[in-house]
Protein chains: 2
Amino acid sequence: MSVTPGRLANAIRALAMDAVEAANSGHPGMPMGMADVATVLFSKYLKFDPQAPKWPDRDRFVLSAGHGSMLVYATLYLTGYEAPTIDDIRNFRKLGSPCAGHPENFELAGIETTTGPLGQGFATAVGMAIAERHLNAVFGDPIVDHHTWVIAGDGCLMEGINHEAVGLAGHLGLGRLIVLWDDNRITIDGATSLSTSEDIPARYRASGWHVESCDGHDSIDIARAFDAAIADPRPTLVACRTIIGKGAPNKQGTSATHGAALGAAEIAAARETLAWPDAPFVIPNDVLQEWRSFGKRGVDARTAWEARLAADTNAAEFTRRMNGEIAGAPAIEAYLAELIAKPANVATRKSSEMALGAITAAMPETIGGSADLTGSNNTKTPATKPLTKDDYSGRYIYYGIREFGMAAAMNGMALHGGLIPYGGTFLVFSDYCRAAIRLSALQETRVVYVMTHDSIGLGEDGPTHQPIEHVMSLRMIPNLHVYRPCDAVEVAECWALALARKDGPSLLALSRQNLPQLRVNVEENLCAKGGYVLRRANAARRVLLLATGSEVSLAIEIADRLEEHGIGADVISLPSWENFHSQSQAYRDEVLPDGPLRVSIEAGTTFGWERYIRDGLRFGVDSFGASAPIEDLYKHFGLTADAITPQIINKLEGNTN
Amino acid sequence: MSVTPGRLANAIRALAMDAVEAANSGHPGMPMGMADVATVLFSKYLKFDPQAPKWPDRDRFVLSAGHGSMLVYATLYLTGYEAPTIDDIRNFRKLGSPCAGHPENFELAGIETTTGPLGQGFATAVGMAIAERHLNAVFGDPIVDHHTWVIAGDGCLMEGINHEAVGLAGHLGLGRLIVLWDDNRITIDGATSLSTSEDIPARYRASGWHVESCDGHDSIDIARAFDAAIADPRPTLVACRTIIGKGAPNKQGTSATHGAALGAAEIAAARETLAWPDAPFVIPNDVLQEWRSFGKRGVDARTAWEARLAADTNAAEFTRRMNGEIAGAPAIEAYLAELIAKPANVATRKSSEMALGAITAAMPETIGGSADLTGSNNTKTPATKPLTKDDYSGRYIYYGIREFGMAAAMNGMALHGGLIPYGGTFLVFSDYCRAAIRLSALQETRVVYVMTHDSIGLGEDGPTHQPIEHVMSLRMIPNLHVYRPCDAVEVAECWALALARKDGPSLLALSRQNLPQLRVNVEENLCAKGGYVLRRANAARRVLLLATGSEVSLAIEIADRLEEHGIGADVISLPSWENFHSQSQAYRDEVLPDGPLRVSIEAGTTFGWERYIRDGLRFGVDSFGASAPIEDLYKHFGLTADAITPQIINKLEGNTN
């Protein structure tokens with residue numbers, strides 16, 4: 001190396017402090033503190049090729065401490081990725097720059113996952129490491145053989161999700177996962193001793209991890225620790241003892257460097273300290289050339305890999321899977337035909353299992369699991385044997401009681417590529433993993449959440465387990481497709497849509513209780529339209545009954561009652577509000593014409609139904625639920641044909657009582 | 001003891017298996033497995049008095065593994081609480097019975113916290129233990145001197161929140177906290193070895209805990225472990241090695257006993273095994289008498305405590321605080337008067353800090369904190385010094401990067417009584433603690449969430465940090481009062497309402513950015529009405545501008561523009577939708593009359609605003625945000641007077657473009 005490691009690292013430091021200064025916003029402390037570690041990683045260890053950023057067998061690098069985003073922008077630029085450019089970095093945190101406040105996978109090819117919400121990058125990396133081992137088991141060493149590297153801070157380690165991620169990684173023995181902990185002993189509030197007294201290495205060892213320590217400013221010591229990490233069969237935590245903001249002489253080692261620009265005076269002093277006289281955003285040629293050479297380290301490995309792949313019998317299948325092209329649609333169609341031949345009057349969680357039976361048999365890229373509710377979520381199928389430490393070829397993960405860790409791991413598998421993960425828990429516990437569901441939506445991962453027991457219909461477990469606000473509030477997350485299918489046919493249709501969707505997550509809200517199969521026609525995937533007239537009025541139409549999921553059959557029952565009174569009612573199933581909204585205005589007007597009284601029925605909050613119901617009636621549950629058998633609950637909350645039908649008739653007759 | 005411990009424990013086993021059988025729903029495995037441990041606890045250790053279930057100095061008992069609810073119903077009945085009765089237990093999990101599927105604090109006096117969502121009972125208990133030590137520091141040993149006992153299962157220990165709770169308890173050295181871990185090595189999916197390989201005692205020791213182990217079916221060994229736990233100054237985990245469903249001869253030790261009725265045959269076999277020939281719900285007299293005697297153990301201690309309290313100089317203050325009667329309203333009024341004299345054009349997070357300055361000085365029961373965002377959430381005041389292991393009298397908790405653990409601990413402090421906790425994080429991270437916010441609402445705790453950076457107005461940190469759906473989706477949680485105040489006056493009013501509220505949580509959504517003080521009149525707490533006309537139209541009223549928080553000042557600007565065009569517009573501030581809905585229809589109609597064009601402006605999802613806006617216009621942000629300076633973002637998302645005013649005028653003129 002013609003340039004010293006310290007000078008190479010100072011390029012990261014300079015870019016970080018200058019970009020934050022220009023933006024007058026950002027976090028210089030972490031990139032400056034971890035610059036030496038990152039330099040060792042990118043110069044000698046990370047397997048990557050800036051010319052082929054999506055090379056499937058590259059190492060994955062995750063900056064879990066996403067606020068230190070300038071570290072990754074700097075290394076991407078320095079090693080020669082097409083983007084970001086130096087101008088992008090100059091425009092750090094400005095509108096239109098791909099160098100956003102936190103790293104966003106949809107902005108830059110070299111960014112593997114969107115980070116910032118603490119702890120999740122780490123937990124997402126666990127999913128990547130699972131994907132790597134699984135695909136290795138399926139496709140072999142010549143095709144899949146890489147590491148997942150993570151930089152994590154104290155925040156990532158203190159968040160609860162860290163416990164779930166560490167436990168899962170240790171249990172599965174993910175030895176290709178190496179976490180570089182920025183052990184700088186500083187958080188936003190001050191010294192870590194303000195809030196924690198934990199012996200972190202001991203905790204990791206307790207979960208089956210290997211732990212190394214190093215001086216995070218000594219390249220040789222860092223490399224020694226990395227070598228030990230690679231050699232050990234367990235996942236490794238490398239405690240990198242660093243000084244936050246290193247190089248800023250008056251502020252380093254304090255929380256003052258964490259999340260604010262250093263200021264002109266301190267930057268001038270840092271330039272002295274770092275022997276870095278160059279102007280902001282100018283990288284001296286010797287330094288840049290050396291960094292660029294690191295970006296060429298991977299070319300040979302990548303071309304050799306391409307040759308191996310070309311010669312591999314599974315090349316087409318591997319490529320299909322990494323490209324996210326799905327097979328399996330015929331299997332779903334055949335299954336749908338079976339449903340018409342032999343209707344299934346079962347809970348939608350059960351018909352989800354039936355659909356999954358066909359799907360998992362036909363789609364080897366599906367990988368399932370549950371947060372310890374396998375038998376309740378109905379997520380396991382004959383085609384999916386367990387994925388274990390001793391057999392990574394399995395396609396079913398016993399995630400344990402780790403909803404948040406599961407969801408983040410699913411994101412990681414999807415981001416790695418080659419897999420379409422699905423995972424289950426009770427819908428009410430979407431609250432436990434909501435932050436990861438949001439990140440699925442933001443980073444456009446193809447994952448499927450199987451959320452069962454989707455209303456008071458779960459019965460006796462009571463209000464702690466009964467979703468009320470969940471379906472509606474999940475509908476509010478941008479880019480999340482929420483499905484609440486009403487029967488076995490809709491379930492299969494929703495599964496088909498979820499699997500086909502390339503640009504984001506889907507969530508299925510499924511019933512615990514049995515439901516009749518209402519659909520008898522499967523020529524068209526009607527759930528793709530989001531909402532449709534399931535049954536037309538017989539008598540003159542005076543009512544539109546809008547319902548979802550388990551309440552669609554109730555709406556049918558009410559329609560029957562109304563017809564007995566000579567009142568015609570269309571029954572409209574609305575399994576996906578997102579899909580319905582993407583239909584043409586003409587189609588929506590056809591389904592929901594003006595004129596008839598609109599009535600909504602959904603066993604959840606009525607707040608939000610104002611979108612469709614103006615002067616009509618909204619039936620639902622606007623308080624917490626209760627513990628009782630399902631029939632008693634539906635009666636208690638007034639969700640029966642007996643309770644609702646007369647109210648509709650009254651309303652039509654203009655009674656105010 | 002005239003009855004053997006085993007026979008006493010069998011009373012719990014019999015009630016548990018018979019109640020679950022009668023309900024044909026529930027979880028017999030845990031109560032049967034932990035019956036011996038519970039018997040030792042209630043017979044010899046727990047300080048309680050069924051005649052005075054709210055005795056402030058009682059030990060707190062938390063069944064974190066809430067699915068084992070029959071354990072607590074059984075012990076409450078057996079020890080002689082007024083409720084539940086044997087008929088209540090007979091009606092376990094039926095509508096109207098206080099013996100709900102999971103323990104609910106609002107149903108039975110002996111239940112300290114609502115549990116079921118795993119991990120939270122434990123984390124709530126940490127808050128109770130903090131409250132105990134703090135009140136001990138304030139009021140002294142004679143008045144406050146008790147333990148917090150927890151029964152937790154593998155699920156509670158595997159959830160991420162456990163890491164946060166364990167870390168916080170270890171850091172604060174909460175030696176009065178004793179957790180009895182039901183170490184039965186079974187979860188719903190099967191053996192714990194399916195999903196975890198953790199050395200749990202080692203993990204706890206790494207966080208500063210003391211760990212004991214015992215045979216969970218040997219009374220003498222259990223008592224030995226309890227004695228060691230009490231003697232040790234650290235929080236203690238007692239690993240109680242148990243057999244799940246013990247007593248059911250063919251199913252014990254398997255997940256088959258976890259969550260389903262045992263069935264008639266197995267129950268008959270269990271009656272043989274347990275030598276318990278009595279009919280369901282019949283407790284033999286010798287057993288019941290012995291259990292009832294345990295319920296009288298605490299009478300002397302309680303009466304002695306009452307005498308000590310009566311003699312204590314702080315008796316009135318202690319009683320006031322434990323009764324939840326608040327002082328401090330005059331301080332807020334005085335502060336409001338100051339605001340009128342000297343308006344504060346500051347961010348609402350800043351004016352929240354100003355209000356808190358007055359509040360914390362006047363209300364010693366307030367106890368604050370932040371999940372490592374103290375300087376950003378503005379939650380620290382001069383009156384609140386840190387609460388530390390060495391000084392429990394402090395009133396500010398550095399919670400660390402533990403949002404979920406913070407929220408649960410706040411619930412625990414509120415449930416303990418004597419404290420009103422508030423805690424801060426960024427609003428977007430409400431997702432990290434949403435499950436605890438929901439439990440605040442369900443169990444009606446008086447806690448205040450200080451959620452700052454409440455929109456794209458946070459600027460450069462970008463979409464991972466910008467709430468979009470959060471305010472609206474939080475409004476959907478039953479019994480949660482969400483406030484989004486528009487200026488310093490509204491902030492103070494919302495704080496006054498939140499503190500005065502006895503039956504549930506409040507959440508303040510506060511701006512990062514500066515906002516002008518709009519209110520000049522403080523005669524009446526207008527936020528109590530939830531919505532009100534902040535400024536009346538000057539010209540003939542053709543528009544109603546509805547806004548919250550930071551967008552109210554934007555609405556004022558737009559109203560000014562409209563007036564320039566001769567169009568009158570009322571500006572309506574809607575800081576609390578919940579409060580507005582509890583107003584009379586007449587009042588609401590007065591604020592929101594029919595006729596004028598309604599326009600909503602809120603820098604978040606427009607989904608949900610259909611509640612107020614039918615044919616009008618809804619301005620907001622329906623996608624994820626972006627990373628940029630605030631001005632650029634408001635412009636980018638069309639939330640400026642320049643962008644909105646012409647659209648309103650167009651709409652009034654009937655243009656469709």
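Domain bounds here come from an automatic or database domain assignment. Select chain A and colour it by that assignment: domain 1 (5-303), domain 2 (328-509) and domain 3 (530-653). Now put a distance between the centres of domain 1 of chain A and domain 3 of chain A, and you get 52 Å, taken over C-alpha atoms.

Some ground rules before going on. This is a predicted model, in which local features need pLDDT of at least 70, side-chain atom pairs count only at pLDDT 80 or more, and totals for chains, interfaces and linings use all residues. Residues are numbered from 1 along each chain as its sequence is written, chains are lettered from A and ligands numbered from 1 in the order in which they are written, and side-chain values use heavy atoms, with hydrogens and water left out.

**Both chains**

Bring chain B into view. Turn chain A by 180°, with 0.0 Å of shift along the axis, and it superposes on chain B with an RMSD of 0.0 Å (a least-squares fit on the C-alpha atoms of residues with pLDDT of at least 70 in both). That is how a two-fold axis relates copies. To find the axis, click A:Gly160: of the residues of chain A, its C-alpha comes closest, at 1.9 Å.

**The interface**

Next, select the contact residues (heavy atoms within 4.5 Å). You should have 97 residues of chain A against 97 residues of chain B. Together the chains bury about 8,000 Å², 59% of it on carbon and sulfur atoms; buried area is the accessible area (1.4 Å probe) that two parts lose on being put together, summed over both. Highlight A:Arg438, A:Met476 and A:Phe607: this trio supplies 10% of the area that chain A buries against chain B, more than any other three residues.

Then show A:Glu469 and B:Arg438. They form a salt bridge, with the closest N and O atoms 2.7 Å apart, and the count between the two chains is 10 salt bridges (a side-chain nitrogen of Lys or Arg within 4 Å of a carboxyl oxygen of Asp or Glu).

Switch to cartoon view, where helices (H or I, at least four residues) and strands (E, at least two) are DSSP runs numbered from the N terminus. Among the elements giving two or more residues to the side of chain A that touches chain B are helix H8 (160-172), helix H18 (403-416) and helix H19 (430-442) of chain A. Of that side, H19(A) gives the largest share, eight residues.

**Two backbone stops**

Most residues other than glycine have a negative phi, and most peptide bonds are trans. Zoom in on A:Ala83 and A:Pro84, joined by a cis peptide bond with omega about 5°. A:Pro84 lies in the loop between helix H4 (69-79) and helix H5 (86-90) of chain A. Finish at B:Glu444, in the loop between helix H19 (430-442) and strand S11 (448-452) of chain B. Here phi is near 60°, a positive value in a residue other than glycine.
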